[in-house]
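Reader: Let us go through this model by question and answer. Please show the sequence and structure.

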Amino acid sequence: MTTNGAAWRNWGRTEQVRPKRIERPTSAEAVRQAVTTAAGEGLRVKPVGAGHSFTGIAVAPDVQLDLTGLAGVVDDSEASAGRLALAAGTRLHRLPELFEPYGLALQNMGDIDRQTISGATSTGTHGTGLAFGGLATQIVAARLVTGEGELIRVAPDERPELLPAVRLGLGALGVLVDVTLQLVPRFLLHAVERPEPLEEVLDGWMDRVRGADHFEFYWFPHTTTALTKTNTRLPGDAERRPLGRVSRWIDDELLANGVYRMVCGLDRAFPALTPAFANLADKLTGDREFTDASPSVFVTNRSVRFREMEYAIPLAEVPEALREVRALIDARGWRIGFPIEVRAAAPDENWLSTAYGRETGYIAVHRYFREDPTEYFAGVEAIMRAHGGRPHWGKMHARTDDDLREAYPRFDDFLRVRDELDPAGVFQNPYLERVLGTPVGVRG
């Protein structure tokens, strides 16, 4: 179905556009036809999912492909081996229901599940845990429509040399139609969440991330406490001891969203009170223990709108980098109401993965969406770049292809694949022009 373009904006309210038209394909052939038609008219095409990227990666000035109609399990012939093919527009929050009949689960998840599977993998979404890579590492096969309108399959037995590029392709290589994931038997997580002295957590960082299946922590600037989250994997038939419905609502909705939304508004009106609010939030959150199905532990509902920048740095450099961020905040006298999130991930072989070739620590900074993040993010970005940082593709940053090439050893290999699959730049937009440069077919 085709409609006239309506104004679109992303969740974080950092990007907006009015496409010339919107296509809503419901099949691989409809995607192919949409791409072929647009290319013939000299128009660019961008698929869009849930709009949870903070960058302009999904901005479609010409033709926007709304993939809502491509959802669900499309092939379960390899379910006995733990592999299912999902249509590209499938939302992550639907996966527990879809996987239930097969007794399967994602091996790891991030803390937000509103994204589509294609959007999450294409931008490098990840969780935490040194034994686990980002969501894209779970892709074993994919089908996509190239810039020349060809539907191709990439798998271990079919063009396998393209897999390290296609798994995490930024939407620059084609429109994903479906992806096949390698899943694991469903499992539970024993969660321990508690406040601890920040300096102790930083001093023990390497032991903590190596000693747990999944470890992360949050730090509210202007406090001395880290809110740690340690999750231990248990078999799917282990005893569940979930949070009570009322206590979960109080912690995750009333405090984490309702009260925090009010605090963010007060921060904006009375920035001098931010340290006091930070210490209050510090005292009201954390300190609980429970056991539940993995998605219920990994995922947290986030209804307070924010803007985010996240950098990936070598794992061992996390404590020093965070201390430098803390010193910068103090030196500049900034009042930062949102916590800083710190996670870890295993190295992987996907060419544009932020964890390519190294054990990786992640430091994510946020600001309330009604506040200007420019100065804060720029200052933190300078610190992360000094530590060899790589920016999350779906989160705000100021990098360009000139300096990103230095951060990714296989950057030019990725560009060669881009030039092969989309030589005319059908899938380009201003963001991809900035971070990847111009395809070979449209240069000079």
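Reader: At what angle do H10 and helix H11 pack?

Author: This is a predicted model, where local features need pLDDT of at least 70, side-chain atom pairs count only at pLDDT 80 or more, and totals for chains, interfaces and linings use all residues. Residues are numbered from 1 along each chain as its sequence is written, and side-chain values use heavy atoms, with hydrogens and water left out. Helices are DSSP runs (H or I, at least four residues) and strands too (E, at least two), numbered from the N terminus. Axes are lines fitted to C-alpha atoms, for helices over the stretch in contact, and angles run from 0 to 180 degrees between N-to-C directions; the axes of H10 and H11 (residues 374-386) lie 10 Å apart, at an angle of about 145°.

Reader: Which residues of H10 make the contact with H11?

Author: Contact means heavy atoms within 4.5 Å. H11 contributes Glu375, Tyr376, Gly379, Val380, Ile383 and Met384. From H10 come Ala321, Glu324, Val325, Leu328, Ile329 and Arg332.

Reader: What span should the 15 residues of H10 have?

Author: The expected span is 1.5 Å times one less than the number of residues. For H10 (residues 318-332), the end C-alpha atoms are 21 Å apart, which agrees with the expected 21 Å.

Reader: Which residue just after H10 takes a positive phi?

Author: The phi is about 70°. The residue is Gly333.

Reader: Which strands are the edges of the open sheet S7-S8-S12-S10-S11?

Author: Two strands pair if DSSP finds at least two bridges between them. The five strands of this sheet pair antiparallel. Each edge strand pairs on one side only: S7 (73-75) and S11 (151-154).
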